[in-house]
Amino acid sequence: MPTRTPNIANRTANKFEPKLDDKLPTDIFFHYFFLEAKTETLPHSHVWGQLHLIKQGVLEMEVDQQVMVCPASYAIWTPPNQIHRAFNRGDIEYCAINIALDLSQSLPEQACMIPLTPLIRALIDDLVERKTTAVVSEEDKCMGYVLMERLAKTNVIDNYLPSTRDKLLAPILAQLQENPADDSSLATWAKRVFSTERTLTRRFKKELNMSFNDWRQRAKLVKAIMLLKESISINEIAFELGYSQGSSFIKMFRKLTGVTPDQFRKLN
């Protein structure tokens with residue numbers, strides 16, 4: 001992996017260096033960490049695959065020269081020997097499910113995001129709540145087998161909120177993540193980056209495979225998921241995201257998640 005400036009915002013001096021072992025004690029092994037806000041995990045890789053989970057909030061991971069933004073309803077999968085690093089804007093409870101090389105063959109060859117379906121979440125929650133590390137008992141081995149089967153058959157996505165190093169788009173994406181309430185039009189952004197609306201429209205489609213408005217809406221949803229973990233009202237969240245009315249925010253949230261913000265808050 002070439003040396004370059006990481007495309008993860010808000011760099012801080014908080015560094016976390018994972019312990020790297022030569023081999024796993026069992027084919028499936030759990031690690032748990034509490035990471036303070038604005039902590040960067042240093043670049044590393046393993047000879048096994050890894051499923052990255054958080055209990056709440058949003059995890060950002062840089063892998064294969066792309067930043068993946070992952071809300072708690074998804075997990076990030078990194079295949080064996082894939083160099084990766086992570087960054088968290090808020091405090092997070094982090095869990096890494098380490099999966100031996102042989103078992104990893106049934107999962108995607110490329111890094112991706114895997115939705116945590118109710119069954120996958122239930123299996124993981126049971127193991128996590130019992131503070132399982134090494135999967136050794138027959139009961140846990142059976143659960144591990146079912147978990148691997150369901151992970152292998154789940155429809156994955158490349159990235160919920162894709163990123164790019166494109167010189168025109170990168171500053172726009174950085175500002176929208178930092179300030180999702182910014183409702184500047186694409187035409188306004190074109191003037192700011194000394195381009196044209198037509199050029200930016202074309203680059204959004206080429207680089208991110210979605211429109212400017214779709215990306216901005218996803219950025220708002222990612223921020224909303226973080227804010228819903230705090231003790232603030234739905235209307236306050238709507239205002240912070242740039243909505244003049246709570247109803248507009250609720251409509252957007254329900255469209256993208258299938259539930260209202262209040263229902264999501266109770267479920268999580």
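The following exchange takes up the reasons behind several descriptions of this predicted model.

Colleague: What makes Leu-241 a buried residue?

Modeller: Leu-241 has a relative accessibility of 0%, and buried means under 20%, so Leu-241 is called buried. Leu-241 is found in the loop between α8 (234-240) and α9 (246-257).

Colleague: Which residues does Leu-241 contact, leaving aside its neighbours within four places in sequence?

Modeller: Leu-241 is in contact with Pro-180, Ala-181, Lys-220, Lys-223, Ala-224, Leu-227 and Phe-249. Contact here requires heavy atoms within 4.5 Å.

Colleague: Why is Asn-209 called exposed, while Lys-38 is called partly exposed?

Modeller: Asn-209 has a relative accessible area of 58%; exposed means over 50%, so the term applies to Asn-209. Lys-38 stands at 38%, and a value between 20% and 50% is partly exposed, so Lys-38 receives that description.

Colleague: Where do these two residues lie, and what is noted about the phi of each?

Modeller: Lys-38 lies in the loop between β2 and β3, and Asn-209 in the loop between α6 (197-208) and α7. Phi of Lys-38 is near 60 degrees, a positive value in a residue other than glycine. For Asn-209, too, phi is near 60 degrees, and this residue is likewise not glycine.

Colleague: How do you know that β3 and β8 are paired?

Modeller: Two bridges link β3 (residues 39-41) with β8 (residues 84-88), in the antiparallel sense. Pairing requires at least two bridges, so these strands qualify. Glu-40 stands opposite Phe-87 in β8.

Colleague: What makes the sheet containing β3 and β8 a mixed one, and which strands are its edges?

Modeller: The sheet is open, its five strands follow the order β1-β3-β8-β5-β6, and the pairing is mixed. As general background, strands of a sheet pair through backbone hydrogen bonds, either parallel or antiparallel. The edge strands are β1 (14-16) and β6 (66-71), since each pairs on one side only. On average, neighbouring strands of this sheet are turned by 25 degrees against each other, direction ignored.

Colleague: Why is β6 described as largely enclosed by the rest of the structure?

Modeller: Five of the six residues of β6 are buried, and buried means under 20% relative accessible area; β6 is therefore largely enclosed by the rest of the structure.

Colleague: What joins β5 to β6?

Modeller: Six bridges join β5 (residues 58-63) to β6, and the two strands run antiparallel. At least two bridges are needed for pairing, so β5 and β6 count as paired. The bridge partner of Val-63 is Gln-66 in β6. The two strands form a hairpin with two residues between them, and Asp-64 in the turn has a positive phi of about 55 degrees.

Colleague: Why are β2 and β10 said to stand at the edges of their sheet?

Modeller: This second sheet is open and antiparallel, with five strands in the order β2-β9-β4-β7-β10. Both β2 (28-35) and β10 (112-115) have a single partner strand, so one side of each is left without a neighbour in the sheet. Helix α2 (residues 118-129) packs on the sheet, touching β2, β4 (49-54), β9 (92-99) and β10. The direction of α2 makes about 80 degrees with that of β2.

Colleague: How many bridges link β7 and β10?

Modeller: Four bridges link β7 (residues 74-78) and β10, in the antiparallel sense, with Ala-75 partnered by Ile-114.

Colleague: Which residues meet where α4 packs with α7, and how do they divide by class?

Modeller: Ile-172, Leu-173, Leu-176 and Gln-177 in α4 meet Phe-212, Trp-215, Arg-216 and Ala-219 in α7. The residues of this contact divide into six nonpolar, one polar and one charged. The axes of α4 (residues 169-178) and α7 (residues 212-227) come within 9 Å and cross at roughly 35 degrees; the crossing is right-handed.

Colleague: What makes Cys-95 and Cys-112 buried, and how many disulfides are found?

Modeller: Cys-95 has 7% relative accessibility and Cys-112 has 2%; buried means under 20%, so both cysteines are buried. A disulfide requires two cysteine sulfur atoms within 2.5 Å, and a search of the whole structure finds zero disulfides.

Notes:
Residues numbered from 1 in each chain as written. Predicted model: local features only at pLDDT ≥ 70, side-chain atom pairs only at ≥ 80, totals over all residues. Heavy atoms only, no water. Buried < 20%, exposed > 50% of the residue type's maximum accessible area, 1.4 Å probe, protein only. Axes fitted to C-alpha atoms, helices over the stretch in contact; angles between N-to-C directions. Left-handed = near helix turned anticlockwise from the far one by under 90°. Nonpolar A, V, L, I, M, F, W, Y, C, P; charged D, E, K, R; others polar.
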